[in-house]
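Hi everyone, thanks for coming. Today I'd like to walk you through how some helices pack together, and then we'll look at the ligand.

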Amino acid sequence: MENKETKQKSVLITGTSSGIGLATAEKLAKEGYLVFAGIRKKNDKIKVEKLHKNIRGVYLDVTNQGSIDKAFWYVIKQTDRLDALINNAGAAYAGPLEFMPIESIKEQFNINTFGALAVAQKFMPFLRHGRIINISSMASTGLFPFIAPYCASKRALDILFNSLFIENKDDITVISIKPDVIKTPIWKRAKEIYQKCFENVPESQREKYEKETLMLQKQATDNENKGISVDDVASTVLKALKDKHPKTSYFVGIKSLWAELYSKLPQKIVNSGVRKLLAQRLK
Ligand SMILES: NC(=O)c1ccc[n+]([C@@H]2O[C@H](COP(=O)([O-])OP(=O)(O)OC[C@H]3O[C@@H](n4cnc5c(N)ncnc54)[C@H](OP(=O)(O)O)[C@@H]3O)[C@@H](O)[C@H]2O)c1
């Protein structure tokens, strides 16, 4: 058996090859945490381990139970405590619901929602008195048409984990981090996923959502370039980890807080505002 780290605080973060996960892994490692950094490719293991001596790359595909089981054994061989699980792995599926293949929507939930729950189920017994920190999104408010599968996957994530918090008997705290738009590769990837989904739209129907397609592509490019820095999310995760009395939700960026408040209005008012905004964008 390898040397077990017993005193050092440790965390598992899923999806650390880029973006928020990578920044969070580095931040927490610098703060002295032993970071088990979920990756899926050999090159990414080399990349994350090079960042800091406290980081250990662990192969973890959240949609594959075998991979989750292997990651579990890898982690428990090296430490006898896990202070937190940070469910970060995610993707954004966009497109008009009328044509989006159900299989794609299932994929979206498999990564963002069921994957996170499967990892939590595996690691919970090892996490007594610890924290589960989910990287949810302001999209969990459901205010964003044409990324509805993404919104729904994040809302479902919040609902499932809120119940997990209420139900669990191991004193595990659950925290949802809800970032505004963050500058990460997720947007470039979202454009590729959208392109793939759009190929399913019958030729004769493509005109129907042409404007929306252009709007989505432009929006993704803007987000890629103008979003908030990943450091803001990494710092919020650190705060959520260290706060003596952590909040249930942490908002990153003012738009996220506004979205949350706005979404509490009656649905009719919410829908009317969203439709107006959409119409402006499509002009
Ligand atoms: N960027 C934003 O504006 C924003 C806003 C709010 C919330 N978020 C959330 O923040 C989280 C991180 O996203 P990001 O913006 O940092 O995007 P990103 O740079 O694209 O990172 C996504 C990470 O998830 C990993 N991943 C995807 N599918 C996976 C799977 N099946 N198993 C394990 N790992 C998987 C990716 O790994 P591979 O490289 O191996 O694919 C990558 O490391 C996501 O949950 C996202 O929804 C992002």
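Let's start with how the angles work: an axis is a line fitted to C-alpha atoms, for helices over the stretch in contact, and angles run from 0 to 180 degrees between N-to-C directions. Please keep in mind that this is a predicted model. Two packed helices are described by the angle between their axes and the distance between the axes.

So, our opening pair. Helix α1, residues 19-30, packs against helix α8, residues 230-242, at an angle of about 55°, and their axes are 8 Å apart. Angles that are neither under 35 degrees, nor over 145, nor from 65 to 115 count as oblique, and α1 and α8 are therefore oblique to each other. Their crossing is right-handed. If you'd like to find the contact yourselves, α1 brings residues including I20, A23 and L28, while α8 brings, among others, V233, V237 and L241. By class, the residues of this contact of α1 with α8 are nine nonpolar, three polar and two charged.

On to the next pair. Helix α4 covers residues 102-123 and helix α5 covers residues 148-167; their axes come within 9 Å and cross at roughly 20°. That angle makes α4 roughly parallel to α5. α4 passes α5 in a right-handed crossing. Among the residues that meet are F109 and L117 from α4, with Y150 and L160 from α5. Which classes do the residues of the contact of α4 with α5 divide into? There are 13 nonpolar, four polar and one charged.

Now the last pair. The axes of helix α6, residues 186-198, and helix α7, residues 210-226, come within 8 Å and cross at roughly 165°. That makes α6 roughly antiparallel to α7. Here α6 passes α7 in a left-handed crossing. W187, Y194 and F198 are among the α6 residues in this contact, and L216, A220 and E224 are among those from α7. The contact of α6 with α7 has five nonpolar, five polar and three charged residues.

Finally, the ligand. How many residues surround the ligand? There are 30, and the closest are S17, S18, Y150, I182 and T184. You've already met Y150, in the contact of α4 with α5. For S17, a polar side-chain atom lies 2.6 Å from an oxygen atom of the ligand. R40 has an N or O atom in its side chain 2.7 Å from a ligand oxygen atom. With G15, a polar backbone atom is 3.2 Å from an oxygen atom of the ligand.

That's my tour, thank you!

Terms used: Residues numbered from 1 in each chain as written. Predicted model: local features only at pLDDT ≥ 70, side-chain atom pairs only at ≥ 80, totals over all residues. Heavy atoms only, no water. Helix = DSSP H or I, 4+ residues; strand = E, 2+ residues; numbered from the N terminus. Left-handed = near helix turned anticlockwise from the far one by under 90°. Contact = heavy atoms within 4.5 Å. Nonpolar A, V, L, I, M, F, W, Y, C, P; charged D, E, K, R; others polar. Near = heavy atom within 4 Å. Polar contact = N/O pair within 3.5 Å; in protein donor to acceptor, adjacent residues only side chain to side chain.
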